[in-house]
Amino acid sequence: MSQIGSASEGSNSMAAAASPRLLLLVLLLLLVPVSNAIYCDEDDCYDLLGVKQDANVSEIKKAYYKLSLKHHPDKNPDPESRKLFVKIANAYEILKDESTRGQYDYAIAHPEEVFYNTAQYYRAYYGHKTDPRAVLIGLLLIISVFQYLNQFGRYSKAIETVKQTPAYKNRLKALEFERTGGISSKKKGHKQMDKKVEEVLSNEVELQIQGVEKPSVWRLYGVQFILLPYSIGKVLSWKFCWFWRYRIKKLPYAWEDACYLTRTSLKIPANTWQNIDDYRKENLVMKRLWEKNNMERYIAEMRKESKRRR
């Protein structure tokens, strides 16, 4: 008796555990519509057009035009006829395309594959209607807008920070002294005039902040993507000219090319290189640091100089 009681208790517990799963499955089946019902609601697409399932495209088209002449709102003002015309038009859109028609036929033949058929329906109706090129262009446009706003915000913040430094204010005073010849006004509105003068002079002072570049449309990802073929062609042309000039003809390096080799050898950014004075640039270029032995000698000299300063 005890064994029978324990067995009955075990079966009851298994049934209790299985009942929530069964209930969940029943709810899912009730909530998810039948596979073929998502195409033409409760109607059959072939029946709406009055054709058989093996009808060809020409027969489907003829049936649609015949029914559209009968139930089109311009021909028949009856509200029920208008609703029927909408269903007929939807059925024709499904059956005229081989891909969606094949998916509909599959849903009729395999109604148990509810989730798969539903996914195929939404993929067919919403996936192909979106042009990938439009999505790419829109994505690049959005990214470029946010990129420019980020660059502008960082640059504006850096400019405001620099303008609060004593070095910047001294630079403005020196420029004002140079313009006025050291003559300052002592009128009551002198402070207000100073602000106006400061605004004018600040527009003339070119600020070069390391690590922060002025916003430029040409550096946006969208513009760079559009100009990608031109950029690739330009790089290939530059490499070919470099190879022909310095590898084949063995010509001496031009000044710009020697600066490029020196800058890349020292791993100096382009904007930092521009801020270096001409004498320093010429001194570095004359060392020919792109050659291995010269670079090793330069590094050794820099280390000795650093130790000496300590």
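Let's start with E291: at 34% relative accessibility, this residue counts as partly exposed. Keep in mind that you're looking at a predicted model. E291 pairs up with R288 in a salt bridge, with the closest N and O atoms 3.0 Å apart. R288 sits in the loop between helix 15 (278–286) and helix 16 (292–309), and with a relative accessible area of 36% it is partly exposed too.

R288 has something else going on: its phi is positive, about 50°, although it is not a glycine. Why point that out? Because most residues other than glycine have a negative phi. K250 does a similar thing, with a positive phi of about 60°, and it isn't a glycine either. You'll find K250 in the loop between helix 12 and helix 13, and it follows helix 12. Is K250 buried or exposed? Its relative accessible area is 62%, and the cut-off for exposed is over 50%, so K250 counts as exposed.

Now step back from K250 into helix 12 itself, which covers residues 228–248. Does its length add up, or what span should you expect? At 1.5 Å a residue, its 21 residues should span 30 Å, and the end C-alpha atoms are 29 Å apart, so the two agree.

On the other side of the K250 loop comes helix 13 (residues 255–266). Two packed helices are described by the angle between their axes and the distance between the axes. For helix 12 and helix 13, the angle is about 105° and the axes are 13 Å apart. Angles of 65 to 115 degrees count as roughly perpendicular, so that is how these two helices lie to each other.

Which residues make the contact? From helix 12 come W238, W242, R245 and Y246, and they meet D257, Y260 and L261 of helix 13. Sorted by type, the residues of this contact are 5 nonpolar, 2 charged and no polar.

R245 and D257 from that contact also form a salt bridge, the closest N and O atoms being 3.8 Å apart. The pair links distant parts of the chain, with R245 in helix 12 and D257 in helix 13, 12 residues apart. The two partners are not equally covered: D257 is buried, with a relative accessible area of 12%, while R245 is partly exposed at 36%. Side chains of opposite charge can pair when their charged atoms come close.

How many salt bridges does the structure hold? There are 5. Another one of them joins the side chains of D43 and K87, at 3.3 Å from N to O. This pair also links distant parts of the chain: D43 is in the loop between helix 2 (37–40) and helix 3 (45–49), K87 is in helix 5 (residues 79–95), and 44 residues separate them. D43 is partly exposed, with a relative accessible area of 29%, and K87 counts as partly exposed at 36%.

One last stop is Q151, in helix 8 (residues 132–163). Buried or exposed, how does Q151 count? Its relative accessibility is 17%, and buried means under 20%, so Q151 counts as buried. Leaving out residues up to four places away in sequence, Q151 touches P215, S216 and L220.

Terms used
Residues numbered from 1 in each chain as written. Predicted model: local features only at pLDDT ≥ 70, side-chain atom pairs only at ≥ 80, totals over all residues. Heavy atoms only, no water. Helix = DSSP H or I, 4+ residues; strand = E, 2+ residues; numbered from the N terminus. Expected span 1.5 Å × (residues − 1). Buried < 20%, exposed > 50% of the residue type's maximum accessible area, 1.4 Å probe, protein only. Contact = heavy atoms within 4.5 Å. Salt bridge = Lys/Arg side-chain N within 4 Å of Asp/Glu carboxyl O. Axes fitted to C-alpha atoms, helices over the stretch in contact; angles between N-to-C directions. Parallel < 35°, antiparallel > 145°, perpendicular 65-115°, else oblique. Nonpolar A, V, L, I, M, F, W, Y, C, P; charged D, E, K, R; others polar.
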